[in-house]
Structure formats: structure tokens, C-alpha cells
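Subject: Structure handover

Hello,

Here is the structure I promised to pass on. Please open it before you read the notes below.

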Amino acid sequence: NGFGKMLADLDIPDPDAYIETLSALSRKLDAIAHESLASAIGTVHREYLEAWEASQQRRPSNHRPPPAWVLPLVVGGDDLTAMVAGRWARRFVEAYLTEFREQCKRDGSTKALSASAGIAVVKTGYPFYDAYEIAEKLTKIAKKSGRDAGSYDLQVVHGSGGDQLKLIRSSVPAALDVLPVRVTELAENASDERDSRLLRVPVRD
């Protein structure tokens, strides 16, 4: 979020200098994206292993190594696409958006930037393209809510075909709508309270 405005605000009349500045910003943004991804995976992986070990202790006779929970597909520039085990999707996105924002704030040239995300929660055999399209729509919704700080939107989807996001959300009473979530509000609202509010919306969990 904010990259287009940053480019529009560049006042560099010399074309060569403008291209060099743009290239430097793109490289820096790419590095921030990779570092934020590594940090988010590291943070969530520690929590994942703790939860996995706890579950295995309850079944000592069936101990097995933990399966992979995240698969980054596209990482570069201002785009990140990943497949994540459903239980850890929100935690991963929260960790990534928070780290991305913190790294941008520490860097003078990118301090105005943040990121937004969309999470499409689907079954394993769900068509990938459809899930990706839903996640893209959710990202656009999230951007409108938190351009200044970053946010995410989430939807559990069971059916396919047509505009599933529109079909589902048109049936949700406005009073129950608690999404998108702004990352700056995560520390202000206890996760348990936020989770319980999300659980009141049957079609989303």
C-alpha cells in the first residue's frame, strides 16, 4: 500500500536518475518482502512446532514428523502468494503484515508503505485459480480499510463457480461483520475476543 503515491510524489526531472531511484526502491521493497516472509515463517513455525509436539504427546503411539504448513508460490516486489494450512493462515498473515510494516517504518525511503492481504480458506481440492481470485478480491477490500497501516480480509468458501464472495457476503448481517482486520488493532484487541466475534459468523468458519 502506498507505493503508487510514493512514485507519484517523486520529483526527479532527469529520466536516468528517476529510473535509478525507481530501481533502488524496487530492490529495497523486494528485500523487505523476502525478509518479512522469512520472519513470519520463523515466528509461526515455532508456534506450529509447539502445537504439533503437544498434539503428539497426547498420542505417543502415533508419533510422526510434522507436515509442511506453508508453501510460498510467488515472492517478489509487491506480491506474495502462498498456500498455508488453514489453522495457521491468519496467524501467518498477521505476522507478515506486522513485520512488513515495521521494516518499512525503520527505513526512511519506505516508511509510508504497508501491505494488505486476502485469505481464501478452501478445501484441499478446491480449484486453485478460483481461490486465488477470491483472495485477490479480499485483498482489494482490505486495502480500502487499512492503506495507512495494512489489513487483511478473510473468507471461508465451500462452493465454487459464480461470484462466491458476493453470494456469501450478501447473506451476512452487517451487525456481524468484523472484517477486514487492521494490523494496528491487533495489539489493542485480545485475539480470543476477536476470534469469538469471527466465530459468530457461521459462513466464515
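The notes below cover the fold, the nonpolar cores, the largest pocket and the salt bridges.

One caution to begin with: this is a predicted model.

**Fold**

The chain has six helices and five strands. Read from the N terminus, their order is α-α-β-β-α-β-α-β-α-β-α. The chain counts 205 residues, and 36% of them are buried. I also looked at contacts between residues at least 6 apart in sequence. Of these, 63% join residues at least 24 apart.

**Nonpolar cores**

In soluble globular proteins, nonpolar side chains tend to be buried together. Here the largest nonpolar core holds 28 residues. Seven residues to find on screen are W69, F92, V93, Y96, L97, F100 and Y152, which have the most contacts inside this core. At least two core residues come from each of α2, α3, β3 and β4, the last of these spanning 151-156. Helix α2 gives the largest share, nine residues.

F92 is a good place to start. Leaving out residues up to four places away in sequence, F92 touches L37, A40, I41 and V44. F92 also touches W69, A82 and V84.

There is a second core, separate from the one above, with six residues. Among them are Y126, A131, I134 and V157.

**Largest pocket**

Rolling a probe the size of a water molecule over the atoms shows where empty space is left. The largest pocket contains about 1300 Å³ of space. It is lined by 44 residues, and those closest to its centre are L80, T81, A82, G118 and A135.

Which elements give two or more residues to the lining? They are α2, β2 (79-84), α3, β3 (116-121) and α4 (128-146). The largest share is eight residues, from α4. By class, the lining has 27 nonpolar residues, 10 polar ones and seven charged ones.

A82 is worth a second look. A82 is one of the residues closest to the pocket centre, and A82 is also touched by F92.

**Salt bridges**

Side chains of opposite charge can pair when their charged atoms come close. The whole structure has four salt bridges. Three of the pairs are described here.

- E47 and R91: the closest N and O atoms lie 3.0 Å apart. This pair links distant parts of the chain, with E47 in helix α2 (residues 15-57) and R91 in helix α3 (residues 89-106), 44 residues apart. E47 has 27% relative accessibility, so E47 counts as partly exposed. R91 is at 28%, so R91 is partly exposed too.
- E20 and R27: the closest N and O atoms are 3.5 Å apart. Buried, partly exposed or exposed: which word fits E20? E20 is partly exposed, because its relative accessibility is 46%. R27 has a relative accessible area of 52%, and the cut-off for exposed is over 50%. R27 is therefore exposed.
- R106 and E99: here the closest N and O atoms are 3.7 Å apart. R106 is exposed, with a relative accessible area of 59%.

**Where to look**

If time is short, begin with F92 and its contacts, including W69 and A82. Then turn to the pocket, where α4 gives the largest share of the lining. Finish with E47 and R91, the pair that links α2 to α3.

Best wishes

Terms used. Residues are numbered from 1 along each chain as its sequence is written. This is a predicted model: local features need pLDDT of at least 70, side-chain atom pairs count only at pLDDT 80 or more; totals for chains, interfaces and linings use all residues. Side-chain values use heavy atoms; hydrogens and water are left out. A salt bridge is a side-chain nitrogen of Lys or Arg within 4 Å of a carboxyl oxygen of Asp or Glu. Buried means under 20% relative accessible area, exposed over 50%, partly exposed in between (1.4 Å probe, protein chains only). Helices (H or I, at least four residues) and strands (E, at least two) are DSSP runs, numbered from the N terminus. On a 1 Å grid over the protein atoms alone, a cavity is a set of points where a 1.4 Å probe fits but cannot get out, and a pocket is an open set with protein on both sides within 12 Å along at least five of seven lines; lining residues have an atom within 4 Å of a point. Grid points are joined across faces, edges and corners, and a volume is the space filled by probe spheres set on the points. Ala, Val, Leu, Ile, Met, Phe, Trp, Tyr, Cys and Pro count as nonpolar, Asp, Glu, Lys and Arg as charged, and the others, Gly among them, as polar. A nonpolar core is a set of buried Ala, Val, Leu, Ile, Met, Phe, Trp, Tyr and Cys residues joined through side-chain atoms within 4.5 Å. Contact means heavy atoms within 4.5 Å.
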